[in-house]
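Let's take a friendly walk through a protein model. Please have the sequence and the structure open as you read.

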Amino acid sequence: MTDEATKGMEKLGIAPPKGTAKRDAMRANEIAVQKQWEEEKAFEVGPSDDKDKETFMVTFPYPYSNGHLHIGHAFSLTKAIFRAQYERHQGKQVLFPFAFHCTGMPIQAAANKLKSEIEQFGTPPQFPEDDPAIRAKMEAEMQAAAEAKAAKAAAGGNKAKGAKTKLVQKTGTGIVRQWNILAKMVPTEEIPQFVDPYHWLSYFPPIGVDHLKKFGVGVDWRRAFITTAVNPYYDAFIRWQFETLKSKGKILFGKRNNVYSLVDGQVCADHDRSEGEGVGPQEYVLIKIKVLPVEDETRHAKMKKLLDTCGGKSVYLVPATLRPETMYGQTNCFVLPTGEYGAYQVDATNEVFIMSARSARGLSCQVYKDNQGYTNEFGKITCLETFSGDELLGLPLKAPMAKYDKVYTLPLLSISMSKGTGVVTSVPSDAPDDYVALQELQNKEAFRAKFGLTDEMVVPFEVVPIIKIEGYGDASAVFMCNKLKIKSSGDKAKLTKAKDETYLKGFTMGIMQVGKYAGKKVSDVKPIIKQEMIDSGDACLYFEPESKVVSRTNDECVVASTDQWYLAYGEESWTAAVKKHVLNADTFNAYDDNALGRYEYTAGWLKEWACTRQFGLGTYLPWDPEWVIESLSDSTIYMAYYTIAHHLQGADNLNGDQAKSPENIDPKKLTTAVFDYIFRKGPMPADCGIAEESLNKMKSEFRYWYPMDLRVSAKDLIPNHLTMALFNHAAIWEDEPELMPKGYYCNGHVLVDGEKMSKSKGNFLMMNETVENFTVDGTRFACADAGDSLDDANFSRETADHAILSLTNEEGWITETMASSDLRTGGELNFMDNVLQNETNRLIIATGTAFAGMQFREGIQYGWYEMLMARAEYRSWCQDSGVSMHKDVIQKWAEALIILICPVCPHWSEALWKKLGKEGLAVKAPWPVADEEDKLLTRQAGLLRDSLKQFRSQVGKAKKGWKTASIIVADTYPDWKIETLQWMQEQYSDDTGFPATFMKDLKAWTGANVSDKKMIKFTMQFASFMKNEAAEVGRVALDTQLPFDQSAIFEGSMQYLKAQLEIPEIDILKIESAADVPERVSGLVTPGKPYLWVR
């Protein structure tokens, strides 16, 4: 449980339920309530006849339909569910639609994998691992491979990750078969049908609908659909979208660098990946460091043979760098002694590059210049010779732009063979790692001897200053290593800090000291130097993914330059339109400054995007049907399609069967002209074959709901889908920017009981199973309590369990109490009657504010926990005071509670609403009306509550047998406190509170007006406390006399206090007239801070 939930349950005395009777009763009620909602079509909604009625449209990214929904889906989804229901209570016309995504690679890849398993192992398949001995051997081999990889990384100086692979962590075995995955969701005899990818589209989406209905999502299901060409209506919509984008010049064709799978033979976008979502291409510059004739023919016999037999071609080591402007400072070249390298023939330049096999594979997929590939055949490169890193050590080299005519290949143990080319050029003046590595070789003769290096290869090479940075000198790497006291290459954390700082300062503040651009800013000349090196043949471009990307077919991806249709994200005016919308608080609400920063960053970062594939499911590109529109590109404006889907497809028609179209609309008639009329104020299409009435209804309904008020998502969609949706809205409705989305809310990922979901840990929760185990409302309550920020949230099964008991107990208490004849009616309300009403008013407002701000944990804190505590306090006061509770007061409280928690626990609210005899559905009831909070009464109630807590502590400290007690109160402050309060009144604004400089001003005032150092401390503490009081209740906190009679409050609650404190006799003494009160007690008493003197 979260801290808040734990404290709340503890205060209310709630323990987890024993047995399943309460859970089973709640499930029975939930099923009955959902049936009622269905019968009354509670969530089917259209335009209202009331023109003044506000609308609210909320959407959620349609989930991928290749399996069942899990608690991660449910957690994110509840944010939309809760907000939609809250807005219904505000009297708005609320649309919450839903759909299912089937576009792209995942279903196709899974179907292909299943087909391969059946062909190889039969039906049902007999997998080798079915034999326990073989399984043990396979798992041991996988574990050994993972451990070897980790050990190799550690030996190379990289941080070793856990030895378990991702698959082992997720499944507990690492042996994953598509058949076995399906066997957990599908009857065994049906599994062979899933070799057809289209079977998935008819099987899983209806199950998704069923599970979501059981979760009480409150969706208008008439508008539901699936994607891909299987659904001719949605297919027509996407074709219109792309034709519109192309007509606006937003879709272009040409060779572009994209993350690419050679196995799949196509670009691998985010949704096509099993690892590396959000990773894009990274540009490097390959520096051509020429291999000179060998000096040691015995050691370098393989290299000599290569140089002799490669027909006069130049042979180069090609380190990949992000800093070509630093090449003036090269002192050597590094390789990994244990690394594996190859000499590869580069056809475009008629040269030989020495690099890792991994990087050579990527280079073979890229363009050298003028659309000519580096190799004659795409994806194929000839390896002329292989070398270990050790075999390359000590080679003489010619480094372009370097001061030294000849440098040598030296060892660097921290090189990663999974990044760059495995070759690193050394610039010790500006690269801390290079400086430390060179120093170690120069200072340790034994280290040089270990790798067979002579002194001449290492010792003479001094640091070459090339860039001056103010405050860092002309060798920033040397400066930072000395500053951080870096002694060896083992100081990884310090080296990382030094590298980050020198690289940043070098780019932003650096001034070139050498070459023809001496005196120029690095940031200005970097691209110029890069291009000059490329033009002179000293360098060339190379791309690879920013980090590892693995496709769903388990292929490690490269960056390839391929002919491609692409969306021209990054075009200046397009980007400007998106940023203008997002950065205007009047047009867009991100609900979180951190999220807003990410949208701004992504809008600036997002560039050309490959929007089509040649494999997978989806809509075929209208003007070039060899291509299929990929899954992140057919999901950017479909929120608009929701507004008309029920006119086209209607209920129970996910795949768009024309025979079920409620208005008998032929999808072939949905032309560009038709959609332009509906969505873009185009002219009425002539002779389109669709009734004018239908066209006008669809056009009117789109305008009724749009713009979308809120889209809810997990944070991982910010770098792609969410930002792309902004771009596409900006393009399609270029002339109507007011139709852009009005708000996005994003949450973090969800943990279960504080840990990542994992089948091996037993905490991988499917949504439907969680509902059966913890009820719908219990599950939703735990989701609300899990958290609301971009940080990871925590779904606690204990919280869900406690919620069952808490909800059940409250239902019983409210039902029994409201039917009781013991309640008071009529008459004047007493102090605590007014307190409960005031607390109810306060909490109605606070809960609404929290829900409107998407702070649902805070909302249930107010709307459930604090409501229950306020009632518990009232009930206890009445019982101990011998006074019956007032029916009107309890009724207002109960009816408010039912609706306050309804967005989270609607089934519970629905049942209790009916039991109280209220008409209509709870989900359609208005939000409780709240009078303005009486802050003075809140303060009076706080006095009684806080004093009782303090009195209990004082009773606990009293000697055994002491039963005489007096409440000591003070009506006035001492002079020094009065002076402080009067000064604070002058600083306070009724509109803005205290100024931001309050504490600084207070320090200056006390220094000038209080002479005693001890009193200065007391004054600062008192003023700080009263500042917090004023933040709670306003200016009245600063009054020099309490605006109410403390004694009257205690007198009116005397029976309650005696019962709570178990003291038979208590009187009230005013400090001003009580002569015999000890000084140790009187010194603790101030207005609003009484003391219980027990003696």
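We will look at the annotated domains, then at one strand and its neighbours, and then at some salt bridges.

This is a predicted model, in which local features need pLDDT of at least 70, side-chain atom pairs count only at pLDDT 80 or more, and totals for chains, interfaces and linings use all residues. Residues are numbered from 1 along each chain as its sequence is written, and side-chain values use heavy atoms, with hydrogens and water left out.

**Domains**

An unreviewed UniProt entry gives "domain: Aminoacyl-tRNA synthetase class Ia" for residues 33-113 and 211-795. It also lists "domain: Leucine--tRNA ligase RagD-binding" for residues 969-1042. UniProt positions use the numbering used here, feature names are shortened, and annotations may be inferred rather than shown by experiment. Helices (H or I, at least four residues) and strands (E, at least two) are DSSP runs, numbered from the N terminus.

| Residues | Helix | Strand | Distance between end C-alpha atoms |
|---|---|---|---|
| 33-113 | 44% | 10% | 42 Å |
| 211-795 | 33% | 19% | 19 Å |
| 969-1042 | 62% | 1% | 11 Å |

**A covered strand**

How many residues of strand β17 (residues 407-411) are buried? Five of its five residues are; buried means under 20% relative accessible area, exposed over 50%, and partly exposed in between (1.4 Å probe, protein chains only). Two strands pair if DSSP finds at least two bridges between them. Strand β10 (residues 332-335) runs parallel to β17, joined by three bridges, and Val 335 stands opposite Pro 411. Strand β16 (residues 396-398) is antiparallel to β17, with two bridges, and Leu 397 has Val 407 as its bridge partner.

**Salt bridges**

Side chains of opposite charge can pair when their charged atoms come close. Counting a side-chain nitrogen of Lys or Arg within 4 Å of a carboxyl oxygen of Asp or Glu, the structure holds 52 salt bridges.

One of them joins Lys 79 and Asp 788, with the closest N and O atoms 2.7 Å apart. This pair links distant parts of the chain, 709 residues apart: Lys 79 is in helix α3 (residues 71-89), and Asp 788 is in the loop between α26 (776-786) and β30 (793-795). Lys 79 is buried at 0% relative accessible area, and Asp 788 is buried at 7%.

In helix α3, Arg 83 and Glu 87 are four residues apart, so about one helical turn separates them. Their closest N and O atoms are 2.8 Å apart in a salt bridge, and both residues are buried.
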